[in-house]
Amino acid sequence: MVQNAGRIAITIYMKYLCIHGHFYQPPRENAWLEAIERQDSAAPFHDWNARITAECYGPNALARVLNAKGELTDLVDNYSYISFNFGPTLLSWMEEYAPEVYQAVLEADKASQKNFSGHGSAIAQVYNHMIMPLANARDKETQVKWGLADFKKRFGRDAEAMWVAETACNTETLEVLAQHQLKYVILAPGQCARVRKIGDKNWTDVSGAKVDPKRPYICHLPSGRKIALFFYDGPISQGIAFSDTLKSGEKFAGRLLSTYNNSSEPQLMHIATDGETYGHHQHFADMALAYCLKHVQEKPDVNITIYGEFLEKYPPQYEAQIIENTSWSCFHGVERWRADCGCNSGGKPGWNQKWRGPLRAALDFIRDEMAKTFEHKGQEYFKEPWAARNDYIDLILDRSLDAQHRFFLKHATEKAWNDRSGALMLLEMQRHAMLMYTSCGWFFDEISGLESVQILQYAARALQLHQQIGGAELEAQFLKMLQAAPSNIKDLKNGAVVYEKFVKPSVVGAGKVALQVALQDLPAKKPAPPKAYCYEVSDYQREHIKTKNGLVCLGSMKLKNRITLEEDHMAYGICQSDGTKLTCAAAATSEINQEEVFERIKKWASENKIPQIHHEIEEQFKEIYPFTSLFKDAQVNVIQQVLSGISQTTGEEFSRIFEKQYPSVRGLKYIGAPLPPAFMIVADYVLTADLKAELERDPVDINALEELMEDVRTLGLDINRLQINAVAEQKLLSYAKDFFAAPEQLDTAVKLVEFMNYLEIFGFTPDTTQAQLWVFQGFDKLPSDKRDKSILRALCRKLKIAL
C-alpha cells in the first residue's frame, strides 16, 4: 500500500502473524466407567492427560519470559494471543481433573476478544477426532453438531470455525461445515488443487503444496454455499514441529518474520502444529512461544492476529479448490486410516499396517448393523431417532435430571418415558459407535497399541449395549472379521486375539465397581463416597474386621449408572491375608444369602480361620475377580497399604538399630576404621526419613536440621536428595501460595527467604519454578509503593525474579 505525505512516498507493508495450536488428546476413558485408568507409562503422573497438562496445557496459560540473566520478567497467557482449538473430549476431562487450567483456557478466549476486534482465539473441533472424509453422512453431521454444541456450552459463544481431525477434508466435509454457518477451515498447503483471482476464468494449478499461504481463499461449493480456506505455511510448520526452531524464542520469532516479501497486499504468515509441541514434545517451548509473541508485539510493522479477525479485515480476493480426501499427516491422502499405505511412526522397521483395512471394515460392519437397530428400535423411543442423536450432546454435557427432562420433553415417545434406561442405552450405543472411529486408532504402527485397543473397547461397549436393547448378537461376526487384521507381534496373531486379550478384561460390571469402591476404602473407614466413576453410590454398608495377619471387608451398596440409569444392589467380600494374598468377590444381593454368609465369615474372622474365609468368599459370591483384573487405581491402593505396613515396621526397626549402634559406628569413624555397609544402609534410610520429616514441620527447626546434617557429614553419607528435594519443593510451593493469597503480609516472605536460606546452607536444590510463578503473581498484586521492601527484594533474588 502506498500513501503520499507531501512529496514523500511512504510504503506501508501490511504484515500479519497467526500461530495456531491444535490441542488434543484422544479419549482414554474406560468405556464402562467413563474414567481413565492409571497409565504406568505416564509416571510419575496418573495418566497421559495429567502429564501433558502439567508439561503443556498449564504452562501455556502462564508461560515464563526470562531476561539474559535467567530472571523472570513476565508471564504470558499464550492462549490469548494465538489461534487454538481444544478437543471436546480433552476439555471434558480437564473440566473435572484440571479445573484451574480449564478455566484459564476459557478466560483466555474471553481476553483474546479484546485483542482481536471481538474475535475469539478458540475455534471448535469435530467432536471425537473422526476422519471426516471416511465418515458416513450422518456421522459427519453429528460430529459437527456435537463439536459446535460442546464449544458453545464451554466458551459461551458460537464458533467461527472448526478444526477437522488431521485436517482431513473433502467437499462433503466442507459442505457440512458451511451448512452450519462456519466461516473458514485451516488446511495444509498440499491440500489445495488450484486457485484463481476472483473474476478470472483461468485456474492456476498449485498442487504439490505450491499455493501461496499468505492469503485467504474462498471455496464455492456445489450446493451454492461457500467457505474460506486458510492453507498454513507447510515448511515452517514442519520445521517448528520437528527441528530445533523452538530452542529459543528469538530464533522462533526470527524464523517467522523472515518469510515476508515486499508485496503491497496484506500478508498473513501463519503456521499450524500440534499444540503439544509447546511444552510436551519440546520442553520449554511454551517459553519460546511466549518470548516470540512479546518480541513480535514490539515490532511496529507486524501485527499478531487470528483468522477470524484477518478474514473480517481482508475478505478473500482469490478462490480455491481442494484435492479430495487429503490430510496433513498422510502423503497418500487419508489412506493412513484405512490401508497399509506406508505412513507410520517409524519406530518399528519391518512392521506393516495391513491390519488397518480389516479393522475399519469390521467397525463399518457393526456401525451399519447398529444403525439399522437404532432406526428400528429408535422409532419406538423417539419421535425422530437421528434428531435425538444429534441433540444427545446436551445430555453428554449435562447429566442432571433437569437436562434429561428437557431432552425427553423434546424427543421422547411414551415408551421412552416409561423406559428411560432403554432410551439412553440406544443413544449411548450410538455415542460409542462414533468414539470407535477416533483417528488415533489407526495412526500408529500396531493393532495392539493403546490407541487401537481403546477404539476396540468402545466397539465392545457399543456391541454390549446393542445386545442389551434387543439387537442381534454381532460380536461373533465382528471377531471373525478382526481375524483378518494381522498383528506384527507373533503371539498376538490378529485383531481377534487382541480383542480377547486386552479388551474383554476391560469390561466392567456393577460387581467390579462395588469392589473398586471397597478397595479404595482400605484400610480405614472414610466417608461413604457419593459417586464412583459414572455411578452414584448409596446405602453403602461396610464392616472392616482386622485379623491377626490381615483384613476382612464385608459390605453392600446400591449403584446407579448416571448415564444409562441402570440400578444394581451389590454385596461384596474381600479377604486380605499374609500381606499380598487377596480374594475379592461380589454378587447381586438377590443372588446371595447375605446375612447368613456374612455372619459365618465374621465368626471365622474372630477365630482367625483365614483359609475358610477365602474359600467361603469364592464359593458364595457369583463374581470372583483376580487382583490383576481390577482397575489399576484399586490395585495401587491395596499395594500401598501393604507397602505402608512394611515401611512402618522397617522404619521402626531401622530407627531402633540406628539409635543403638550409632555411637559405636561414630567411634569407628573417628579412628578411621571402615564402617559396616549394612549399618550405612540403615543410616541412609533413617536420616533421609528424619530430614524429610523436619522439612515438613512448620516452622522448620534449624537446630534439628543442623544436627541431622552433622550426622550425615560424620558418616559421609550420600543421602537420597531426590526425596528430600521433593519434600522441600512442596513446602516452598505451600509458602508461595500463602504469599500469593496475602502478599502484603511480609511474614510469609520472611518464611520463604529463611527456608530457602536453610536449603542453600544444606545443599538442597528443589525445583523452584512453581514457587516462582506464585510469588511473581503475588508480587504483581502489590501496589508499586509497597514493593520496595528489603525482604521482598531478597525474596525476588532468591527466586530469580527481576525487580
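Okay, one term before we start: buried here means under 20% relative accessible area. Keep that in mind, and keep in mind too that this is a predicted model.

Let's begin with helix α5, residues 171-179. Which of its residues are buried? Thr173, Leu174, Glu175, Val176, Leu177 and Ala178. So we get a polar threonine and a charged glutamate on that list, along with the nonpolar ones. As for what sits over them, the cover includes helix α4 plus a set of strands: β8 (162-163), β9 (184-187), β12 (217-220), β13 (226-231) and β16 (318-322). And right after α5 ends, Gln181 has a positive phi, about 65°.

Take the helix neighbour next. α4 spans residues 137-155, and it packs against α5 at an angle of about 40°, the axes being 10 Å apart. That angle makes the pair oblique. The crossing of α4 and α5 is right-handed. On the α4 side, the contact uses Lys140, Glu141 and Val144; on the α5 side, you'll find Glu172, Thr173, Val176 and Leu177. By class, that contact splits into three nonpolar, one polar and three charged residues.

Now the strands. Six of them make an open sheet, ordered β9-β13-β12-β16-β10-β11, with mixed pairing. At the edges you have β9 and β11 (204-205), each pairing on one side only. Inside, β12 and β16 are parallel, joined over two bridges; Ile218, for instance, has Glu319 in β16 as its bridge partner. α5 packs on this sheet, touching β9, β12, β13 and β16, and its direction makes about 115° with that of β13.

There's another six-strand open sheet further along. What is its strand order? It goes β17-β18-β19-β20-β21-β22, and here the pairing is antiparallel. The edge strands are β17 (531-532) and β22 (623-625), each with a partner on one side only. Helix α20, residues 510-520, packs on that sheet and touches β17, β18 (535-547), β19, β20, β21 (581-588) and β22, its direction making about 50° with that of β20. If you want a pair to click on, try β19 (residues 550-561) and β20 (residues 567-577): eleven bridges join them, antiparallel. Within that pairing, Leu551 stands opposite Gln576 in β20.

Two more helix pairs and I'm done. α17 (residues 450-468) and α18 (residues 475-482) pack at about 155°, with axes 11 Å apart. Angles over 145 degrees count as roughly antiparallel, so that is what we call α17 and α18. Leu456, Ala459 and Leu463 of α17 meet Glu475, Phe478 and Leu482 of α18. The class count for that contact is five nonpolar, no polar and one charged.

Last one: α24 (residues 677-696) and α25 (residues 702-715). Their axes come within 10 Å and cross at roughly 160°, so this pair is roughly antiparallel as well. The crossing is left-handed. From α24, the contact takes in Phe679, Met680, Ala683, Leu687, Asp690, Leu691, Glu694 and Leu695; from α25, Ala704, Leu705, Leu708, Met709, Asp711, Val712 and Leu715. How many of those are charged? Three, alongside twelve nonpolar and no polar residues.

Notes. Residues are numbered from 1 along each chain as its sequence is written. This is a predicted model: local features need pLDDT of at least 70, side-chain atom pairs count only at pLDDT 80 or more; totals for chains, interfaces and linings use all residues. Side-chain values use heavy atoms; hydrogens and water are left out. Two strands pair if DSSP finds at least two bridges between them. Helices (H or I, at least four residues) and strands (E, at least two) are DSSP runs, numbered from the N terminus. Contact means heavy atoms within 4.5 Å. Axes are lines fitted to C-alpha atoms, for helices over the stretch in contact, and angles run from 0 to 180 degrees between N-to-C directions. Angles under 35 degrees count as roughly parallel, over 145 as roughly antiparallel, 65 to 115 as roughly perpendicular and the rest as oblique. A crossing is left-handed if the near helix is turned anticlockwise from the far one by less than a right angle, and right-handed if clockwise. Buried means under 20% relative accessible area, exposed over 50%, partly exposed in between (1.4 Å probe, protein chains only).
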